[in-house]
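This report walks through one protein chain and its bound ligand. It starts with the loops, then turns to the sheet, the helices and the ligand site.

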Amino acid sequence: MIDEKMIKGAVENILTAIGDDPKREGLIDTPQRVAQMYAEIFGGMRQNPVDELKVGYELGHREMVILKDIPFYSMCEHHLLPFSGVAHVGYVPGIDGRVVGISKLARVVDIIARRPQIQERMATEIADAIMEGLKPDGVGVVIEAEHMCMTMRGIKKPGAKVVTSALRGIFSKKAATRAEFMSLIQK
Ligand SMILES: Nc1nc2c(ncn2[C@@H]2O[C@H](COP(=O)(O)OP(=O)(O)OP(=O)(O)O)[C@@H](O)[C@H]2O)c(=O)[nH]1
Ligand SMILES: [Zn+2]
């Protein structure tokens with residue numbers, strides 16, 4: 001459960017600490033708004049991505065399935081600033097040929113993004129959730145994102161993209177599978 005009352009108090013304190021007045025007209029509802037916004041953008045804290053993969057179909061399909069260019073927004077856990085970009089997710093169904101509705105892959109990405117994150121762990125958690133929920137022969141995840149903490153502050157490098165990946169099962173063991181995935185997500 002996200003404690004919106006506690007977030008509200010903390011935001012009031014931050015506004016006071018920077019020398020502003022949380023009671024002035026423009027700021028009076030801001031702590032409550034931020035609390036509601038945090039409940040939304042950190043909503044993934046209360047959800048288990050594996051639950052999204054419970055309903056599947058045994059189609060007997062044994063070829064690679066990819067959902068690419070899945071847009072996401074997350075918050076870097078170092079600065080609590082947004083990072084955003086796209087995730088590419090692919091898997092090869094297991095021996096039972098079990099697949100899930102394609103939107104479920106995007107749901108897994110969303111739940112994992114809506115937590116304080118670092119991009120490497122995001123890729124790892126997406127891959128592990130799909131391995132656990134779907135028991136495929138393998139999973140590939142590639143994430144490309146821009147981090148506001150590298151853009152509006154600090155090193156200030158707008159446009160610099162961070163690319164992370166996580167490969168499991170056949171994607172890590174078989175060079176041809178990995179190459180097929182990488183070439184399909186680049187098209
Ligand atoms: N590996 C990784 N690093 C990240 C991610 N998001 C932010 N960072 C980095 O986290 C680091 C935090 O470094 P610190 O030296 O503790 O903090 P800082 O002084 O604010 O760092 P600068 O951003 O270099 O000013 C920075 O290098 C960020 O660029 C991420 O998703 N993955
Ligand atoms: Zn950061």
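## Loop residues with positive phi

K135 lies in the loop between α4 and β6. The model is predicted. In it, K135 has a positive phi of about 45 degrees, although K135 is not a glycine. Most residues other than glycine have a negative phi. Is K135 buried, partly exposed or exposed? K135 counts as partly exposed because 15 other C-beta atoms lie within 10 Å, and the partly exposed class sits between 12 or fewer and 20 or more.

K156 also departs from negative phi: its value is near 50 degrees, and K156 is a residue other than glycine. K156 sits in the loop between β6 and β7. With 9 C-beta neighbours inside 10 Å, K156 is classed as exposed. L80 belongs to the hairpin of β2 and β3 and takes a positive phi near 55 degrees. Five residues separate the strands of that hairpin.

## Chain layout

The protein chain holds six helices and seven strands. Read from the N terminus, the elements run α-α-β-β-β-β-α-β-α-β-β-α-α. The C-alpha atoms fill a box of roughly 60 × 35 × 20 Å along the principal axes. Of the 187 residues, 30% are buried. Among contacts with a separation of 6 or more, 70% come from residues 24 or more positions apart.

The domain assignment gives domain 1 (4-42) and domain 2 (57-186). Their C-alpha centres lie 33 Å apart. V55 is found in the loop between α2 (30-41) and β1 (56-58). Why does V55 count as exposed? V55 has 9 other C-beta atoms within 10 Å, so V55 is exposed; the class takes 12 or fewer. The C-alpha atoms of V55 and D21 are separated by 50 Å, with the two residues 34 apart along the chain.

## The sheet

Five strands form an open sheet. The order is β5-β2-β3-β6-β7, and the pairing is mixed. The edge strands are β5 (116-117) and β7 (162-169), each pairing on one side only.

Take the pairs across the sheet in turn. β2 and β5 run parallel and are joined by two bridges. M75 stands opposite P116 in β5. β2 and β3 run antiparallel, with nine bridges between them. L67 has V89 of β3 as its bridge partner. Ten bridges join β3 to β6, again in the antiparallel sense. S84 is partnered by E146 in β6.

Strand β6 (residues 138-147) then pairs with β7, antiparallel, over eight bridges. Two of the residue pairs can be named: V139 bridges to R168 in β7, and E144 stands opposite V163 in β7. How covered is β6? Strand β6 is mostly covered, with eight of its ten residues buried.

## Helices on the sheet

Helices α3 and α4 pack on this sheet. Helix α3 (residues 103-113) touches β2 (65-76), β3 (82-92) and β5. The direction of α3 makes about 15 degrees with that of β2.

Helix α4 (residues 119-134) touches β2, β3, β5, β6 and β7. The direction of α4 makes about 25 degrees with that of β7. After α4 comes the loop to β6, where K135 lies.

## The ligand site

Which residues surround ligand 1? They are C76, H78, I118, Q119, E120, H147, C149, M150, G154 and I155. By class, the shell has five nonpolar, four polar and one charged residues.

Several of these positions tie back to the elements above. C76 falls within the range of β2 (65-76), and H147 falls within that of β6 (residues 138-147). Q119 and E120 fall within the range of α4 (residues 119-134).

Conventions
Residues numbered from 1 in each chain as written. Chains lettered and ligands numbered in written order. Predicted model: local features only at pLDDT ≥ 70, side-chain atom pairs only at ≥ 80, totals over all residues. Near = placed C-beta within 6 Å. Nonpolar A, V, L, I, M, F, W, Y, C, P; charged D, E, K, R; others polar. Domains from an automatic or database assignment. Pairing = 2+ DSSP bridges. Helix = DSSP H or I, 4+ residues; strand = E, 2+ residues; numbered from the N terminus. Contact = placed C-beta atoms within 7 Å. Axes fitted to C-alpha atoms, helices over the stretch in contact; angles between N-to-C directions.
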